[in-house]
Structure formats: structure tokens, C-alpha cells
Amino acid sequence: MRTKPRKTDTYTGFIPTIACVRSLYGNVKSIQGPYYRDDGRLHIVLYYGHTNTPRTKTVSFPKLLVEYKIGRRLKVNETADHKDRDFTNNELTNLQVLDKAEHARIDAKRRLPENFICPYCGTFFQLRDKKLADATQNRKRGKAGPFCNRSCSGLYGTDVQNKRCNTLEVVAVTVRHTKITK
Ligand SMILES: [Zn+2]
């Protein structure tokens, strides 16, 4: 990935014309941006109605670009995907529509297997695909683990319940992505 853009950076790439934006988003008076957010992702602001009391809609810029590309709005179950996993690469050729469930499945597959040490028994183990994705989610939610198996997870739960041990440190999960070509 290129260096993550900063909020102060200016986007210099392609922007669909206001006429194109209107064909997708109705009576848009003007557009502002796209702007970089703190996370380095681009958003664009659409202004509707009277300029003194503008009604605005903020749209993910890659989403707008992919909608421009296919000539229609995305459905609720659809999402914009960066084929090369680089969310700063908003070239039209790098953007595609994916079903959200399919997207999650592909994202899980794109992860390399990760090695962990079970915080309960100290065994080395490896997680991949959905199990790795779940472990990452659980970590984000502040849950302990991952554990090497259900038994360790269960024993840990019982121990915490019976106050036989303190809450275990969460093992750091580093997610690396592999490039896959479909
Ligand atoms: Zn274990």
C-alpha cells in the first residue's frame, strides 16, 4: 500500500461530473471534495436543495466511483471492493462490486494463516480463514483469546467465573493480507 493519505492531502484523481452524480443521486446542487478522513479513506459530500439551508449526504468516494462505473446505485447487499486490497488505489479498473457476504468470505481467504499461543495452556496453534477472521473480530470486541480449542476457552471461562484467575491478556493479532488474483 502507498503511504496512508492524510486529512490535509488533496485528492487529484478522477471525479465524475455533477451530471453523472445527479444521474445516480438525484437533484444534487453541488459536490464538495472528495476529502480524506483520518483513516485515509475518501468521502464526498453531496449538497441538495436551497444553498442557504443545504441538505447534505456524505458518500464513500470509492462507492460513488464504482456506481459511476456500473451506471447505477449499489444495492444494500452490495459493496465497493478494491481488487488489489489497497484502499488508496481508487483507479476505476481497481474497483468492483461485490456481494457483502462474498466480500467477507474473500477477505477471510485473503488473510495468511496466523500463529498464536493459547493464553490458557501455552500451546502453539494456527488459525486461518473464517476462524482467523472471527478471532480478529473477538479481539476488537475486547474478548480474551483466541484459545487453542473449545476446551481451553471453556476452562478459562469457568476459571474467570469462579475467580480462580484474572482476565487473561489478549494475544495480539496481526492481520496480514495476501494478494490474490481471481
Ligand atoms: Zn489451550
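In the predicted model, strands β2 and β3 run antiparallel and are joined by 6 bridges. Within this pairing, Val-45 has Thr-58 of β3 as its bridge partner. Helix α1, comprising residues 18–25, packs on the sheet and touches β1 and β2; the direction of α1 makes about 105 degrees with that of β1. Helix α2 (residues 61–70) likewise packs on the sheet, where β1, β2 and β3 are touched. The angle between the direction of α2 and that of β3 is about 85 degrees.

Strand β2 (residues 42–48) is also linked to β1 (residues 28–36), again by 6 bridges and in antiparallel fashion. Here Ile-31 stands opposite Leu-46 of β2. The hairpin formed by β1 and β2 has 5 residues between the strands, and Gly-40 in this hairpin adopts a positive phi near 85 degrees.

Taken together, the 3 strands constitute an open sheet with the order β1-β2-β3 and antiparallel pairing. Strands β1 and β3 (55–60) each have a single partner strand and therefore stand at the edges, one side of each being left without a neighbour in the sheet. On average, neighbouring strands of this sheet are turned by 20 degrees against each other, direction ignored. In a regular strand, side chains alternate between the two faces of the sheet.

The loop between β2 and β3 contains Gly-49. This residue has 12 other C-beta atoms within 10 Å, and because a residue with 12 or fewer counts as exposed, Gly-49 is classed as exposed. When neighbours within four places in sequence are left aside, Gly-49 is in contact with Lys-29, Pro-54 and Arg-55. The C-alpha atoms of Gly-49 and Lys-29 lie 6.5 Å apart in space, although the two residues are separated by 20 residues in sequence.

Outside the sheet, the geometry of helix α5 was examined. Helix α5 consists of 12 residues (residues 150–161), which at 1.5 Å a residue should span 16 Å. Since the expected span is 1.5 Å times one less than the number of residues, the comparison is made with the distance between the end C-alpha atoms of α5, which is 16 Å and thus agrees with the expectation. Just after α5, Lys-163 takes a positive phi of about 55 degrees.

Note on methods. Residues are numbered from 1 along each chain as its sequence is written. This is a predicted model: local features need pLDDT of at least 70, side-chain atom pairs count only at pLDDT 80 or more; totals for chains, interfaces and linings use all residues. Two strands pair if DSSP finds at least two bridges between them. Helices (H or I, at least four residues) and strands (E, at least two) are DSSP runs, numbered from the N terminus. Axes are lines fitted to C-alpha atoms, for helices over the stretch in contact, and angles run from 0 to 180 degrees between N-to-C directions. Two residues are in contact if their C-beta atoms, placed from the backbone, lie within 7 Å. A residue is buried if 20 or more other C-beta atoms lie within 10 Å of its own, exposed if 12 or fewer, and partly exposed in between; C-beta atoms are placed from the backbone.
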